[in-house]
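The following note sets out points for a colleague who has the sequence and the model at hand. Each point may be checked against the coordinates in turn.

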Amino acid sequence: MLTEKPADSVPIEDAGPLDSTRRTFLKWSAAVGGSAALVTTAAELGLPAFGSAAATTTAAATEPAYVWSACTVNCGSRCPLRLQVEDGTITRVLPDNTGTDKLGSQQVRACVRGRSIRHRVYNPDRLKKPMKRKSGTKRGEEQWETISWDQALDEIAAKMKQIKADYGNEAFYINYGTGTLGATMAKSWPPDQTPFARLLNTWGGYLDHYSDYSTTEITSAYPYFYGGWVDSNSFDDVKNSQLQVMFGNNPLETRMSGGGQLLVSQQTKRRHGVRTIIIDPRYSETAAVLGDEWVPIRPGTDAALVAALLYVMVHEGLHDQRFLDKYCVGFDEHTLPDGAPRHSSYHSYLEGKGSDGVAKTPDWAADLTGIPADRIRQLAREIAAAKPCAITQGWGPQRHANGENSARAIFLLACATGNVGVPGGGTGARESAQGLPFAAPFNTGITNPSNKIISVFSWLDAIDHGEQMNTFNAGVCEKSAPGVRDNKVPVDDQGNPTNVALEVPIKMVWQYAGNSVVNQTGDNNGSIAILQDESKCELIVVCDIQYTVSARYADYILPGTSAAEESDIHPGENAGPMAYGIVSTQAIEPLYECRPVYDICVDLAKRLGTEREFTGGKTREEWLRATIKETRAADPTLPDYDEWKQMGIYRKDLGPVVPLAEFRADPKANPLPTPSGKIEIYSNRLQAMSEKWEFGVFRPKLAGDQLVALPEYVETWEGPLETRDSEKFPLQVIGHHFKGRTHSTYGNVDWLKEAHHQTAWINTLDAQSRGIENGDQVFVYNDRGTVKLEARVTERVMPGVVSIPQGAWYDPQDSSEVTPPAEANPDHPVDIAGSVNTLTSLHPSALAKGNPSHTTSANVVKG
Amino acid sequence: MNLHDVPMVLFTVVTQMSVGTFIALGVIQLLARHRDLTTTERVISPVLYAVGPALVFGLAVSMLHMNDVTHVFNVIRHWDSSWLSREILFGVAFGAFGFGFALLEWFGAGSRALRQTIAIVTAVLGIGLVWSQAMVYYSLVTVPAWHTWAVPVQFFTTTVLLGVLAVGGAMMVTAQVRAKRAAADLADPSEAPSDVAAPPEQPAGSGGGLAVLVRSRIREINAPSTGAEWTLTARVLKGIAVVGSVAAITILVVYPLYLGQLGQGDAAAQTSAAVFSGTMFWLRLVLTGLTAVLLGFFVYRMAESTMPTRSRLLADLVLLCLLLAVVGELLGRALHYSAMTRVGM
Amino acid sequence: MPTQKSHETPAVGLTESDADYGFFFDQSQCTGCKACQVACIDKHDLPLGVMWRRVAEYSGGSWSQSGNTVMPNVFTYYTSMACNHCEDPICMKVCPTTAMSQRPDGTVYVENDKCVGCRYCEWACPYSAPQFNAETGHMTKCDLCFDYRSEGLEPACVAACPSRALDWGPIDELRAEHGDEDGIAPLPDPSITKPHLVIEPHRDAQQWDHATGHIANPEEI
């Protein structure tokens with residue numbers, strides 16, 4: 001443990017409270033600014049050169065070492081980084097220099113974020129010492145007391161024991177946090193595989209959550225359609241397609257690694273030139289670079305578009321009736337399951353024979369989606385004629401109040417065109433990729449004895465009124481099997497849904513490598529109001545490397561280590577045909593008093609009396625070796641730990657992925673895990689649940705608060721129609737994934753802030769009518785909050801829609817500092833960082849109880 | 001207006017004023033060559049000595065936009081290609097020759113022919129300085145707002161306008177000082193002779209021979225004007241009024257032509273053109289227009305009718321014109337720099 | 001497609017005299033991610049505000065509305081730009097100190113000992129290649145990673161590009177392979193400096209003299 005730092009670079013006595021951090025920024029800049037400065041600094045540090053070499057062997061102190069490391073954030077990719085280390089300091093971040101440009105063995109070039117990691121590791125916001133909220137101050141007032149590790153862990157353990165005695169283990173909650181999900185010993189997601197989960201599992205368990213903020217709605221939609229999670233064909237398989245159609249799929253911004261889906265989709269397009277249509281409210285980079293054509297669509301109306309497309313296909317006989325008859329349930333009356341009422345098939349819905357009595361004509365959809373009816377007809381014919389057609393969806397369409405249905409509708413389009421399970425086709429889900437069979441003995445060795453599970457988005461409700469929450473009113477579920485982090489709606493012997501309830505509210509929130517306490521959940525101002533009531537949640541602990549927004553609202557802050565300060569194993573992600581994995585080596589000593597989360601949990605386990613169970617008798621390094629050893633048991637061709645550590649990245653070409661090919665080949669022998677074994681366009685279970693589900697219990701029932709058996713279009717609160725007709729908030733606000741951050745990670749890196757400004761995208765027409773010019777400061781506001789940021793007046797977002805890149809670090813300013821516009825809610829501060837979650841709602845989607853992030857209406861005025 | 005443009009605004013305007021002043025003096029001397037030499041020299045030499053400090057100030061300010069002054073001597077290395085090198089060479093040469101000429105004038109050293117030759121060389125160097133200054137901007141083909149005939153025209157009109165007005169202003173100040181001195185002499189005649197021929201052995205302070213020489217020269221300069229001197233002054237003023245108002249009108253006429261040209265240009269040119277629209281631009285036009293009117297009508301007429309003993313109002317008016325013109329040119333030059341928009345990215 | 005040059009490649013042939021090195025930019029693949037820009041900043045320890053490589057977004061077009069439906073006619077493409085190590089480097093021409101110099105291999109660099117920091121080259125260069133470093137008081141710019149090339153490595157930006165949209169090499173070879181397009185808006189008339197640059201244009205690319213769009217991110221470049 002490093003306890004001494006040179007006063008001129010890192011004054012440890014200044015560590016802690018934020019103003020001193022700011023003051024040290026210039027000194028840090030000097031420390032990382034130039035190699036000359038570094039040599040001086042490092043010499044004074046007396047740090048050893050560290051780690052195994054990525055390219056050359058470690059030599060004299062002045063010779064740089066090249067150490068394999070990785071970027072471990074939640075971007076859906078996984079990049080190796082070669083850190084150039086001189087005298088114990090990272091001086092350069094270099095890309096992968098192995099592999100080729102050929103898919104299957106591709107070089108995994110880190111994106112702009114990974115390449116800026118030096119300024120994330122040496123960031124003025126780095127947490128330095130454990131901190132405790134000063135007694136007598138409120139959460140978020142940012143009054144901190146620097147304390148020792150012993151004091152911090154003693155007090156946290158004591159409080160945990162008290163909570164356990166008062167409420168039991170169900171009162172403990174691990175909050176969603178994906179900042180280091182691409183690691184093994186430092187893993188922050190899935191929550192049940194994190195070090196703190198292992199610790200709680202040795203101590204009686206905790207309340208787990210299902211799904212995640214990326215995919216809540218689609219995750220809950222899957223079981224009622226395909227029976228469970230199914231990907232679409234991998235992007236390299238698009239070479240076999242006649243046409244590629246992407247609904248809100250944006251690999252060039254949401255899978256940015258130069259070895260991941262960005263490269264796979266671009267190289268495939270480069271070589272095979274398959275025509276690509278992008279359906280998205282925003283002219284994304286994918287639309288601009290990969291796409292041949294862009295179809296702008298109003299947010300939240302994908303199910304309406306699909307209905308009209310199918311209306312045209314059915315009327316013109318272009319759909320694949322044979323596929324629907326053989327593999328699906330409920331498209332037509334004759335494939336409806338037993339007990340389904342008459343005219344409840346999708347076909348009846350299209351023809352207007354269902355309860356709404358409206359035919360889903362292109363004209364009907366044009367009004368909703370904003371796409372001209374002729375364009376819809378054209379699109380239907382083109383999609384139907386392309387055999388096969390690769391239809392995929394990103395996760396934007398489903399992150400809505402009606403997102404479960406949008407997700408199912410896009411699945412349905414792939415089914416009705418007969419593209420499922422064939423090369424060049426797809427399931428209408430998101431693209432898949434190959435992977436290595438990584439074992440995770442440390443992460444999965446001890447399971448959670450608690451069998452209840454809530455939605456990832458319900459934790460604030462569970463803090464506020466957990467003891468009143470149950471299946472019908474709040475989506476509290478059972479686990480699909482003991483110890484499995486997956487939900488199922490409990491059912492009785494007849495298969496009817498039954499109710500399971502929470503007994504106690506959440507009393508402790510553990511947030512590790514995540515920013516979901518405030519910033520990444522939704523309704524920042526509303527969240528803070530709940531969290532500031534200490535009679536509700538009694539203990540919030542944040543373990544991170546940066547002083548994040550969430551850390552501001554903690555009771556205790558524990559400074560963790562970055563990937564550069566640890567050795568770890570990083571399974572590859574989303575590289576099309578290539579399966580790979582990275583073994584990293586510690587490049588530098590932990591900064592300040594930072595400690596790896598494993599060590600923190602060991603010391604907590606000691607205090608809770610479960611150290612032996614927690615460590616399993618192994619050191620951190622031994623767990624890493626055990627991980628590779630177990631992985632090699634599944635695939636002996638993989639390198640051993642030491643070999644892998646030396647080579648950094650190991651890769652294997654496994655070819656394209658075609659999910660559901662076996663089902664397609666023989667549906668009887670390979671049934672889906674649905675009640676019917678088939679694809680369920682009409683879901684009996686949803687029908688049954690719709691009769692039990694209660695809305696309006698904890699918050700007002702709003703339009704769209706309903707379950708429906710079919711993947712039909714449901715108009716919701718703050719949906720396109722309500723927004724269009726609103727005088728007060730006539731603009732739909734969505735929050736696209738941003739090139740300059742991964743969610744909120746890297747959000748405080750100066751190089752990235754310089755490269756990618758946080759701006760509110762607003763269409764030229766909407767800007768003109770408000771007197772806004774490109775680069776102007778604007779307020780975006782609704783009743784939940786107000787943000788102030790720079791306007792990007794652009795043709796690249798459709799009229800009526802504003803897109804604010806999600807993940808900026810909420811920075812509330814009192815009205816005395818920044819006066820909100822007259823029309824805005826005067827009770828809220830102005831967030832000058834432009835965090836889109838200052839505007840979003842905590843009202844959950846109907847089925848998933850998920851975050852409806854892109855169902856938000858607001859107005860914009862010049863600042 | 002950008003703060004970092006300030007050194008360049010001051011540098012170009014002040015050096016152009018210096019060049020204009022020097023040349024104006026030369027022209028006056030040329031036109032007055034049939035007159036009594038002493039009269040002419042008495043009228044114009046004080047002005048000459050004001051040019052030096054102004055030029056030194058201008059050159060000093062120009063150093064502010066050099067960000068590493070320790071490397072400053074490198075700036076002349078590229079004289080065969082860079083107009084910036086040439087500008088500096090001309091600037092230094094103009095300063096050196098001008099200073100040399102002033103020294104000779106002051107001490108009456110050197111032959112008249114030598115002094116005239118040096119004066120002509122200095123004037124040519126001054127024109128070279130203004131020309132190379134204009135070329136510094138004109139030669140940037142990547143800046144449409146600068147790569148235009150308007151830039152040399154504007155730089156030379158600045159030179160002329162401020163040059164003649166500086167001469168006029170300095171002349172009138174000198175005339176006022178001399179008038180005061182004359183009034184004082186009248187009140188206390190016993191002092192008068194000693195002023196004209198100050199004995200060298202009357203040092204008011206230490207400083208040795210040179211200081212004594214300088215002090216006696218100052219007394220000489222400040223000696224009361226003669227009638228002939230005043231006549232010459234008045235005639236020169238009339239000329240200044242004509243030349244100055246023509247220069248000011250030229251400035252006003254150039255703008256619409258220049259902006260019309262920019263308006264026809266590419267996106268960068270259009271962006272530049274937009275700079276010439278705000279308060280600063282209108283203020284610049286009003287000040288310059290006012291200068292033209294004051295010079296053309298009031299100064300010209302008053303120069304004809306004013307008596308030397310009652311020249312205070314005329315002096316104030318000339319100085320006001322100088323002030324208006326200087327502020328107008330500073331604003332105009334600031335706009336010149338603000339208009340910098342380059343093609344490309 | 002850039003060839004793979006590993007960290008161990010011996011130093012051969014990457015700083016050859018008269019090679020007249022330049023960049024190839026595949027605009028059709030650029031996503032505006034700016035990995036090149038940040039890799040350059042990391043490589044050269046550039047302070048904030050100094051960007052030897054920058055990426056401009058060029059956008060334009062219009063929307064037509066009919067009732068509640070809309071139809072776009074819009075375009076966007078990116079231009080990643082460092083120094084083009086031009087045949088007629090205007091920066092060298094205007095530099096009063098001769099600090100702006102050219103290596104035998106055709107690449108343009110700043111001789112630090114001479115530069116006076118007058119920023120005249122910054123005014124002149126239509127690609128914003130010379131960038132002023134306030135910390136040193138000197139101009140700085142891309143030298144095509146001379147030190148890396150001396151070690152047989154590729155320039156940092158080229159090795160960084162996730163989309164493989166950047167390459168470099170002797171300009172004759174680049175032109176033979178990719179053609180000679182170098183005048184796509186927002187770039188200027190290439191005849192001004194004759195850049196050692198070859199662009200594979202985006203499908204919506206507009207010629208410099210027939211451009212209808214605008215730089216959408218002026219504050220970022």
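Does A:L660 count as buried or exposed? With 25 C-beta neighbours inside 10 Å, A:L660 counts as buried. The model under discussion is a predicted one, and the points below should be read accordingly.

1. **A:L660.** This residue lies in the loop between β21 (649-653) and α25 (661-665) of chain A. Although A:L660 is not a glycine, its phi is positive, at about 65 degrees. In general, most residues other than glycine have a negative phi.

2. **A:E142.** A second positive phi in a residue other than glycine is that of A:E142, near 60 degrees. A:E142 sits in the loop between β4 (131-133) and β5 (144-146) of chain A. Here the C-beta neighbours inside 10 Å number 17, so A:E142 counts as partly exposed; the cut-off for a buried residue is 20 or more.

3. **Cis peptide bonds.** In chain A, the bond joining A:W189 and A:P190 is cis, with omega about -5 degrees. A:P190 belongs to the loop between β6 (172-174) and α5 (195-201) of chain A. In chain C, the peptide bond from C:A185 to C:P186 is also cis, and its omega is near 10 degrees. C:P186 is placed in the loop between α6 and β9 of chain C. As a general matter, most peptide bonds are trans.

4. **C:D182.** The loop between α6 (171-178) and β9 (197-200) of chain C also holds C:D182. This aspartate has 23 C-beta neighbours inside 10 Å and therefore counts as buried. Leaving aside residues up to four places away in sequence, C:D182 touches C:P190, C:P195, C:L197, C:V198 and C:I199. C:N73 is 109 residues from C:D182 along the chain, and the C-alpha atoms of the two are separated by 25 Å.

5. **Helix α13 of chain A.** Within α13 (residues 362-369), the residues A:P362, A:A365, A:A366, A:L368 and A:T369 are buried. Against which elements do the buried residues of α13(A) pack? Their partners in chain A are α10 (302-316), α14 (373-385) and α27 (720-724), and β3 (69-81) of chain C joins them. Just after the helix, A:G370 adopts a positive phi of about 85 degrees.

6. **A four-stranded sheet in chain A.** An open sheet of four strands has the order β7-β13-β14-β15, with mixed pairing. β7 (208-210) and β15 (487-488) stand at the edges; each has a single partner strand, so one side of each is left without a neighbour in the sheet. The strands β14 (residues 477-479) and β15(A) run antiparallel and are joined by two bridges. A:E478 has A:K488 of β15(A) as its bridge partner.

7. **Helix packing in chain B.** Helices α8 (residues 227-263) and α10 (residues 279-305) of chain B pack at an angle of about 160 degrees, and their axes are 8 Å apart. That angle makes α8(B) roughly antiparallel to α10(B), since angles over 145 degrees are classed in this way. The crossing of the two helices is left-handed. Among the contributors from α8(B) are B:A241, B:G244, B:S245 and B:A248, while those from α10(B) include B:G289, B:A292, B:L295 and B:G296. By class, this contact has 14 nonpolar, six polar and two charged residues.

8. **The contact of chain C with chain A.** This contact involves 44 residues of chain C and 48 residues of chain A. On the chain C side, α1 (35-44), β2 (54-66), β3 and α5 (156-160) each supply at least two residues. The residues of that side comprise 19 nonpolar, 17 polar and eight charged. β3 of chain C was met above as a packing partner of the buried residues of α13(A).

9. **The contact of chain C with chain B.** How many residues does each chain give to this contact? Chain C gives 30 residues and chain B gives 24 residues. β3, α2 (90-94) and α3 (120-124) of chain C each provide at least two residues of the side that touches chain B. That side of chain C divides into 21 nonpolar, seven polar and two charged residues.

Definitions and conventions:
Residues numbered from 1 in each chain as written. Chains lettered and ligands numbered in written order. Predicted model: local features only at pLDDT ≥ 70, side-chain atom pairs only at ≥ 80, totals over all residues. Buried ≥ 20, exposed ≤ 12 C-beta atoms within 10 Å, placed from the backbone. Contact = placed C-beta atoms within 7 Å. Nonpolar A, V, L, I, M, F, W, Y, C, P; charged D, E, K, R; others polar. Pairing = 2+ DSSP bridges. Axes fitted to C-alpha atoms, helices over the stretch in contact; angles between N-to-C directions. Parallel < 35°, antiparallel > 145°, perpendicular 65-115°, else oblique. Left-handed = near helix turned anticlockwise from the far one by under 90°.
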